[in-house]
Amino acid sequence: MRKGQYLLLFSYTLYRIVTLYLLLLIHFLTHPLRIFARRKVFPCPPSLQDQSLGMHQFITVNGIKLHYVISGPENAPVMLMLHGFPEFWYSWRYQIREFNKDYRVIAVDLRGYGESDKPLDKSAYTRQQLTSDIIELISSMCQDKCILVAHDWGGILAWRVVQQRPDLVKKFIVLCCPHAKRYMELVRTDNATLLRQWYVLLFQIPLLPELTLGADNYLSLKRTFHGTASGLINSHRMDDDSMQAFLYTFSQENALKCPLYYYRNMFAKDIKIPKAQKVEVPTLLMMGVHDAFLSLELGEGNEKYVEDIRVKNINGSHWLQQDCPDEVNKEIRVFLET
Ligand SMILES: *[C@@H]1O[C@H](CO)[C@@H](O)[C@H](O)[C@H]1NC(C)=O
Ligand SMILES: *[C@@H]1O[C@H](CO)[C@@H](O)[C@H](O)[C@H]1NC(C)=O
């Protein structure tokens, strides 16, 4: 990135942060007692114990205990699902119910999320550590190659898995997450794409982001999924019970801090993926037409980095698999059957 672009991004981020905290200040001046409301503990909703979504199990890989929910015929091919931020295994509920008819579906809580271990050391959340979790998880749970399904941050890790260990993945389905090189390419040449990433800088600030997301009973978290700026287009797909599942999960100890460490390590040195090597695993990329964080241009031009890629734009928000489950599931089916 050029100097002018850094300047542009910093000033825009500063502007967004000032507006954000001004709005928050006004909110608390008008509702002063709510400053303390964060202490509320949300009860565990029935949805998180829904048997039709599978059995809750744990596995230790790469020195970390991961929680996952597993369902479907025991000898069926494994379909592994990796969620994004700020989400957890339950984001895949609509896909689990559809695909556990004929796949062994495993939806995992990534390190630092949900019921998985949450080490409190920032350096435990480098992309390479997180990728190793997934590589070891696949190696220990699959006899054969798996179908890898990933969204958002899960996608960032999954792209690394298919580049480092193509032998582990038969087909790759990724939502709202282009190839990293395509992302960098567009950030350099398109200022609109660059500026949509302002929150990545916001998350670098210590403590403030977790306090903001948690303030007033997780108001910002609720708005993330139900607000006009970034919320689901089909908001009934995230009903009260599902929202309770998110609130219960993210109101646990350190449940916001650890996921934010993913962002706080983004600029840390990391293992470089070998250049010039194209992804060999057949890939389906789905982008959301109304994604508040990623433009549709990010879905274009990935052919340069992937040998065999199909791109579909779905009429939904960034929370694509929850927002448009019928369309997403249909595209996955078509991709797996051809
Ligand atoms: C992006 O913004 C920088 C800094 O303002 C400017 O120098 C550059 O020309 C812009 N790039 C494009 C493609 O508009
Ligand atoms: C996309 O969804 C919105 C909101 O439901 C709807 O108004 C619009 O007509 C849809 N567009 C297409 C092309 O289906």
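A salt bridge is a side-chain nitrogen of Lys or Arg within 4 Å of a carboxyl oxygen of Asp or Glu. In this predicted model, D167 and R165 form such a pair, with their closest N and O atoms 2.7 Å apart. D167 has a relative accessibility of 40% and therefore counts as partly exposed. R165 is likewise partly exposed, because its relative accessible area is 29%. By the rule stated above, the count comes to 12 salt bridges. Several of them will reappear below, after a walk through the helices and strands.

The description may begin with helix α1, which covers residues 3-30. At 1.5 Å a residue, its 28 residues should span 40 Å, and the end C-alpha atoms are 41 Å apart, which agrees with that expectation. A transmembrane region is placed at residues 6-30 by an unreviewed UniProt entry. Over residues 6-30 the chain is 100% helix and 0% strand, and the end C-alpha atoms of this stretch lie 36 Å apart. Which residues of α1 are buried? They are Q5, L9, T13, I17, L24, H27 and F28. The cover over these buried residues includes α5 (180-189), α6 (191-195), α7 (198-202) and α8.

The strands come next, and β4 offers a convenient centre for the account. Strand β4 comprises residues 104-108, and 5 of its 5 residues are buried, so that the strand is described as mostly covered. The side chains of R104, I106 and V108 point one way from β4, those of V105 and A107 point the other way, and all are buried. How does β4 run relative to strand β2, parallel or antiparallel? The two strands run antiparallel, and 4 bridges join β2 (residues 64-71) to β4. Within this pairing, V69 stands opposite A107 of β4. Strand β3 (residues 78-82) is joined to β4 by 5 bridges, and these two strands run parallel. Here V78 stands opposite R104 of β4.

Helix α2 belongs to this part of the structure as well. Together, β3, α2 (residues 93-99) and β4 make a right-handed β-α-β unit. One residue found in α2 is R97. With a relative accessibility of 35%, R97 counts as partly exposed. Apart from its neighbours within four places in sequence, R97 is in contact with D50, S52 and L53. R97 and L80 are 17 residues apart along the chain, and their C-alpha atoms are separated by 14 Å.

Helix α3 covers residues 127-141. Its 15 residues should span 21 Å at 1.5 Å a residue, and the end C-alpha atoms are indeed 21 Å apart, in agreement with that figure. The buried residues of α3 are R127, Q128, L130, T131, S132, D133, I134, I135, L137 and I138. D133, which lies in this helix, may serve as an example. Is D133 buried or exposed? Buried means under 20% relative accessible area; D133 has a relative accessibility of 2% and therefore counts as buried. When its neighbours within four places in sequence are left aside, D133 is in contact with V61, N62, L66 and R111.

The account now returns to salt bridges, this time between parts of the chain that are separated in sequence. R264 forms a salt bridge with E210, and their closest N and O atoms are 2.7 Å apart. Because R264 lies in helix α10 (residues 257-264) and E210 in helix α8 (residues 208-226), the pair ties together parts that are 54 residues apart in sequence. Both R264 and E210 are buried. A further salt bridge joins D326 to R237, with the closest N and O atoms 3.2 Å apart. D326 is in helix α12 (residues 325-337) and R237 is in the loop between α8 and α9 (240-250), so this pair ties together parts that are 89 residues apart in sequence. D326 is exposed, because its relative accessible area is 53%.

Salt bridges may also be linked to one another. Which residues are linked in a network of salt bridges? E98, K101, D102, R333 and E337 are linked in this way.

Definitions and conventions
Residues numbered from 1 in each chain as written. Chains lettered and ligands numbered in written order. Predicted model: local features only at pLDDT ≥ 70, side-chain atom pairs only at ≥ 80, totals over all residues. Heavy atoms only, no water. Expected span 1.5 Å × (residues − 1). Buried < 20%, exposed > 50% of the residue type's maximum accessible area, 1.4 Å probe, protein only. UniProt positions renumbered as here; feature names shortened; annotations may be inferred. Contact = heavy atoms within 4.5 Å. Pairing = 2+ DSSP bridges. Right-handed = clockwise from strand over helix to strand, strands pointing away.
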